[in-house]
Amino acid sequence: MSGFDLDQLRTLVAVLDSGSLTAAAPKVFLSQSSVSEQMRKLEDRAGQPLLVRGKAGVAATPAGERLLAHARAILALSDEAYRDLRGVALRGELRLCITDYFRPGDVARMLRRLNEQYPQVRLHVTIMKSGAIEAAYERGEIDVGISMSIQERGAPRARAQGALLRREPLLWMAAEGAGPQAGEPLPLLVLPETCALRQYVERLLSRRGVPYAVAHVASGVAGLQLAISAGLGVACLNESALAPGIARLHAPGLPALPAVEFRLLPARAGESEFMGLAREAIIKTMS
């Protein structure tokens, strides 16, 4: 029989999106060894290597990149056929709001994939701060929101948390090869005063007695990344904000940082079937 196994294609997508076999395993509800076996069988079926394995994880070979594009299209068509035959085709308008801290280097790709997989959904995407997202959601101005929360040790958790999309550490960051000068206040790069992460960082530095001065205020994470890579100072950002020209900063005296969680705001009571399906699609595409 010619053709590819859908489960193996789904695992390939999970592996390449996650960057490793281990990280992909829970997304496809398999053990790491089962993921590895599925990839071996898929490569046998393809007749050529699809993955380059290394200490840092896995990457696609040129053949793997080609098959990945086919796999996304095949899986999207399979999902669409299922929804059509079950009478649950996903179509309508969706107001989605995302914190700009959420995977800044990947979010455009994920939104493109969401649009490709669900072409009958008209997306209205807005980037905002988490507090503004939560307030807009409470007022009914958006349908779905992705917000960030800081996981301080000992701090009480919110009662209604929503689906977890991603958890990652906060890091001190500076331009590659740069860092604070000994004996000088920490040149802090921040977002505006309404930013919860800025408020947290300034409280933390004050509690630990670390002298600092705000060296630059950016309007968004992209602007903050530019300021860091330009060597204007030091910033605290989540791990996925690391980008070319920016490195993790290990400096004595800087306090340890917690993790952050990105969650889909919890469903409203009486949410429509379309919103429930859209929520599932976002979790599947953006986790």
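**Getting to know this predicted model**

This is a predicted model, and the secondary structure of its protein chain comes to nine helices and eleven strands. Along the principal axes, the C-alpha trace spans about 70 × 45 × 35 Å.

Q: What makes phenylalanine 102 and phenylalanine 262 an aromatic pair?
A: Their ring centres are 5.3 Å apart, and rings pair if their centres lie within 6.5 Å. The structure holds one aromatic pair, so this is the one to look for.

Q: Why is the pair called edge-to-face?
A: The ring planes of phenylalanine 102 and phenylalanine 262 stand at 65 degrees. Planes over 60 degrees apart count as edge-to-face, so the name fits this pair.

Q: Why can this pair be said to tie together parts that are 160 residues apart in sequence?
A: Look at where the two partners lie: phenylalanine 102 is in the loop between strand 3 (92-99) and helix 5 (107-117), while phenylalanine 262 is in strand 11 (residues 259-264). That is why the pair joins parts with such a separation in sequence.

Q: How do you know whether phenylalanine 102 is buried or exposed?
A: Its relative accessible area is 1%. Buried means under 20%, so phenylalanine 102 is buried. Its partner, phenylalanine 262, has 0% relative accessibility and therefore counts as buried too.

Q: What is notable about phi of arginine 103, and where is this residue found?
A: Phi of arginine 103 is near 40 degrees, a positive value in a residue other than glycine. You will find arginine 103 in the loop between strand 3 and helix 5. With a relative accessible area of 7%, set against the cut-off of under 20%, arginine 103 is buried.

Q: Why is phenylalanine 29 called exposed?
A: Exposed means over 50% relative accessible area, and phenylalanine 29 has 77%, so the word applies. Phenylalanine 29 is found in the loop between helix 2 (21-24) and helix 3 (32-46). Although not a glycine, phenylalanine 29 has a positive phi of about 60 degrees.

Q: What makes the charged end of arginine 268 count as close to the ring of tyrosine 137?
A: The charged end of arginine 268 sits over that ring, 3.8 Å from its centre. The distance cut-off for a charge over a ring is within 6 Å.

Q: How many of the residues count as buried in the chain as a whole?
A: Of the 287 residues of the protein chain, 43% count as buried. The chain exposes about 15100 Å², and carbon and sulfur atoms supply 54% of that area.

Technical notes. Residues are numbered from 1 along each chain as its sequence is written. This is a predicted model: local features need pLDDT of at least 70, side-chain atom pairs count only at pLDDT 80 or more; totals for chains, interfaces and linings use all residues. Side-chain values use heavy atoms; hydrogens and water are left out. Rings of Phe, Tyr and Trp (its six-membered ring) pair if their centres lie within 6.5 Å; planes under 30 degrees apart count as stacked, over 60 as edge-to-face and the rest as tilted. Helices (H or I, at least four residues) and strands (E, at least two) are DSSP runs, numbered from the N terminus. Buried means under 20% relative accessible area, exposed over 50%, partly exposed in between (1.4 Å probe, protein chains only). A charge sits over a ring if NZ of Lys or CZ of Arg is within 6 Å of the ring centre and within 35 degrees of the ring normal. Accessible areas come from the Shrake-Rupley method with a 1.4 Å probe; for residues, only the protein chains shown count as cover.
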